Amino acid sequence: MKLGDFSELAKYYHSRPAYPQAMVKYILDIAGLSTKSEFSMEEAGAGTGKMTAVMRAVAPNAKMIAVEPNDEMRAEGIKAVPSVEFIKGTGENTTLSDNFADFACMASSFHWTDHTKSLPE
């Protein structure tokens with residue numbers, strides 16, 4: 001397996017622990033988004049959608065896009081969270097328009113990116 005290539009592991013990621021909903025609620029509260037009727041969210045490096053599913057559960061009406069470069073991981077995410085659009089992209093180049101998201105995160109993928117490019121993105 002090539003370092004950072006999770007293609008062979010994608011089908012097993014569903015068994016990984018989920019992220020706490022309370023954490024996402026807290027972040028949305030302090031960002032002032034929990035009281036908004038409309039806002040957008042984006043997860044870069046979404047993998048199979050573990051964090052994406054939590055974000056969707058906490059903010060069911062938010063416009064949401066999950067960005068994932070790995071085809072196998074993205075396919076699992078589409079199955080796991082069908083209410084969210086999954087697109088091909090990276091933390092360094094999400095392909096989303098500037099200022100798309102009111103809330104953007106990288107739950108477990110930031111360390112795989114070139115930080116000089118992913119932070120401005």
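Is Lys79 buried or exposed? At 59% relative accessibility, Lys79 counts as exposed. This value, like those that follow, comes from a predicted model. The residue belongs to a salt bridge discussed below, after the fold, the sheet and the core.

The protein chain has 121 residues, of which 40% count as buried. Its secondary structure comes to four helices and four strands. From the N terminus on, the elements run α-β-α-β-α-β-β-α. Contacts between residues at least 6 apart in sequence were also examined. Of these, 59% join residues at least 24 apart.

The four strands form an open sheet. Their order is S3-S2-S1-S4, and the pairing is parallel. Strand S3 (85-87) and S4 are the edge strands, each pairing on one side only. Direction ignored, neighbouring strands are turned by 15 degrees against each other on average.

Strand S1 spans residues 40-44 and pairs with S2 in the parallel sense over five bridges. Within this pairing, Met41 stands opposite Met64 in S2. Helix H2 packs on the sheet, where it touches S1, S2, S3 and S4. The direction of H2 makes about 170 degrees with that of S1. On the S4 side, S1 pairs in the parallel sense over three bridges. Here Met41 stands opposite Phe103 in S4. Met41 thus has a facing residue in S2 and another in S4.

S1 is mostly covered, with five of its five residues buried. Ser40, Glu42 and Ala44 point one way from the strand. Met41 and Glu43 point the other way. The buried set therefore includes Glu42 and Glu43, given that a residue is buried when its relative accessible area is under 20%. Ser40 has Lys63 as its bridge partner in S2. From S1 the chain crosses through H2 to S2, and this β-α-β crossover is right-handed.

The largest nonpolar core holds 19 residues. Val24, Leu28, Phe39, Met41, Met55 and Phe103 touch the most other members. Four elements each give two or more residues to this core: helix H1 (21-30), helix H2 (50-58), strand S2 (63-67) and strand S4 (103-105). The largest share, four residues, comes from H2. Apart from this core lies another, of five residues, among them Ile65, Val67, Ile87 and Phe100. In soluble globular proteins, nonpolar side chains tend to be buried together.

Leu28 shows how the larger core draws on separate parts of the sequence. Neighbours within four places in sequence are left aside here. Leu28 is then in contact with Leu33, Ser34, Phe39, Met41, Val58, Ala59 and Phe103. Of these partners, Phe39, Met41 and Phe103 are also among the core residues that touch the most other members.

The structure holds three salt bridges. Side chains of opposite charge can pair when their charged atoms come close. In one of the bridges, the side chains of Asp71 and Arg74 meet at 2.5 Å, N to O. The two residues are three apart in helix H3 (residues 71-80), so about one helical turn separates them. Asp71 is partly exposed, at 41% relative accessibility. Arg74 is buried, with a relative accessible area of 13%.

Asp71 also forms a salt bridge with Lys88, where the closest N and O atoms are 3.1 Å apart. This pair links distant parts of the chain, 17 residues apart. Asp71 lies in helix H3, whereas Lys88 lies in the loop between S3 and S4. Asp71, Arg74 and Lys88 are thereby linked in a network of salt bridges.

The remaining bridge joins the side chains of Glu76 and Lys79, at 3.2 Å, N to O. Both residues lie in helix H3. They are three residues apart, about one turn of the helix. Glu76 is partly exposed, with a relative accessible area of 22%. Its partner Lys79 is exposed, because its 59% relative accessibility is over the 50% cut-off.

Methods
Residues are numbered from 1 along each chain as its sequence is written. This is a predicted model: local features need pLDDT of at least 70, side-chain atom pairs count only at pLDDT 80 or more; totals for chains, interfaces and linings use all residues. Side-chain values use heavy atoms; hydrogens and water are left out. A nonpolar core is a set of buried Ala, Val, Leu, Ile, Met, Phe, Trp, Tyr and Cys residues joined through side-chain atoms within 4.5 Å. Buried means under 20% relative accessible area, exposed over 50%, partly exposed in between (1.4 Å probe, protein chains only). Contact means heavy atoms within 4.5 Å. Two strands pair if DSSP finds at least two bridges between them. Axes are lines fitted to C-alpha atoms, for helices over the stretch in contact, and angles run from 0 to 180 degrees between N-to-C directions. A salt bridge is a side-chain nitrogen of Lys or Arg within 4 Å of a carboxyl oxygen of Asp or Glu. A crossover is right-handed if, with the strands pointing away from the viewer, the path from the first strand over the helix to the second runs clockwise.
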